[in-house]
Amino acid sequence: MGYLKSIGTTIIYIGAFLAVITFVPGIPPNVEFTELSIVEPKQLTGRLALNERLNNPEVLFEGKVKGAESFASYKNELYTGVHGGYVVKIVGNQLIPIVKFGKDCDGIHQESKCGRPLGLKFDKSGNLYVCDAYYGIFKVNVTTGKYETIVDSKTAIEGVYPGIVNSIDVASNGDIYWTDSSADFKIEDGAFTMLSDPSGRLIRYEAATKKNQVLVHNLGFANGLSLSSDEKFVVVAETLNSRIIKYNIKGPKAGKHEIFIEGLPGLPDNIHSDNNKGFLVSLIVYADEERPQLHQSLMPHPYIRRMLTRLLALLELPFKLLQTYYPNYYAEKAVHFLGNFESVMFITPKTVTVLKINEAGQILDAAYATNGKIGGISSAFIHDKYLWLGSPFATYIARVPLNVAFPNK
């Protein structure tokens, strides 16, 4: 009887503790939690159903690189950004460092110091524009390695500092379209973005005025983007909402945004050109009606999301305090692990998905890897007759012959 009483007392204490952290105001993080809804991911069928086209990729630089998140090319030379803060050029079996915007650091757990290059894009003159998640946007001369700051993350845009400078595209007139994935958190606390209300932004940097303008607010982790072939609109991935939105630049709907495609079978990440007036969209996590994502299932339940977010913050708190007063490797690494996206990847399906979508928002083709050889693919980029596959988590870069990945041109 005493045993049952102690169990009951423990349950009461736990319930009281969870109620306190859920309902008492002012407990960090101080972000919004409201009831949300989305069109749930659906499984693709017929000619778009699961296949094995990406099952046997060529794996390059295994163990020598981590976090080749995205790609850009110019005059047949391929570039990517990696953990440690460097932008590198891929030449044969070599990775040649080109530029680094952050400071010297001791490892991935110090990525806020190292810098974290994400999206890259060349303009028509061969200047490389790079989004560093922590530092901002930079214009790079890839021949000399010299760069200039275009957007500084320490400068507020319409009263809000960029949290995660993510992806980029450059218009022919020099205007830059880019995404701030979260105005509330840095990428090292990316796990918090999965439970809190969306705060991502689509932003345009006007080359003529050198000013930034927020085009769309409150996107669910604004991620990859790409201009249409005629530059009449830009599409932007809302990763956490399994959809892509379209912002109209020209035409009768100029200045307005709308849904481009929703209910995608997973979480869209980078968007690249398919070299045929369409887009290649990588789903970094696969999901469908039978295998939903936990954060999406919790969207209608703001109190549960608030409780879980505050629990995670409380787990981090002792390590942050320890790091503040007694800086050490283990506390720093624990803080990075608890908040990082990589800490939750073990519960996600290993299926790799790359979609070919036309400018009308229709899925034309799909390529998959289903055998677990590669996973967490965030980028599918066409270069030199290959489909290059990058990931923020992988310790390799993979590629598949383009005619194998997408034989139905």
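Begin by selecting K320, which at 37% relative accessibility counts as partly exposed. The model on screen is predicted. Now add E316 to the selection: the side chains of K320 and E316 meet in a salt bridge, with N and O 3.2 Å apart. Colour helix α5, residues 302-325, and both residues will be found in it. They sit four residues apart, about one turn of the helix. The two ends of this bridge fall into separate classes, because E316 is buried at 1% relative accessibility, while K320 is partly exposed at 37%.

Next, select D180 and R201. Their side chains form a salt bridge as well, at 3.0 Å from N to O. Show the strands around them: D180 belongs to strand β11 (residues 176-180), and R201 to strand β12 (residues 200-206). The pair is 21 residues apart and links distant parts of the chain. Is D180 buried or exposed? D180 has 0% relative accessibility, so it counts as buried. R201 is buried too, with a relative accessible area of 3%.

Move on to E258 and K253. Here the closest N and O atoms are 3.4 Å apart, and the two residues form a salt bridge. Switch on the surface and look at each partner in turn. E258 is partly exposed, with a relative accessible area of 26%. K253 is also partly exposed, at 44%.

How many salt bridges does the structure hold? There are twelve, among them K320 with E316, D180 with R201, and E258 with K253.

Notes
Residues numbered from 1 in each chain as written. Predicted model: local features only at pLDDT ≥ 70, side-chain atom pairs only at ≥ 80, totals over all residues. Heavy atoms only, no water. Salt bridge = Lys/Arg side-chain N within 4 Å of Asp/Glu carboxyl O. Helix = DSSP H or I, 4+ residues; strand = E, 2+ residues; numbered from the N terminus. Buried < 20%, exposed > 50% of the residue type's maximum accessible area, 1.4 Å probe, protein only.
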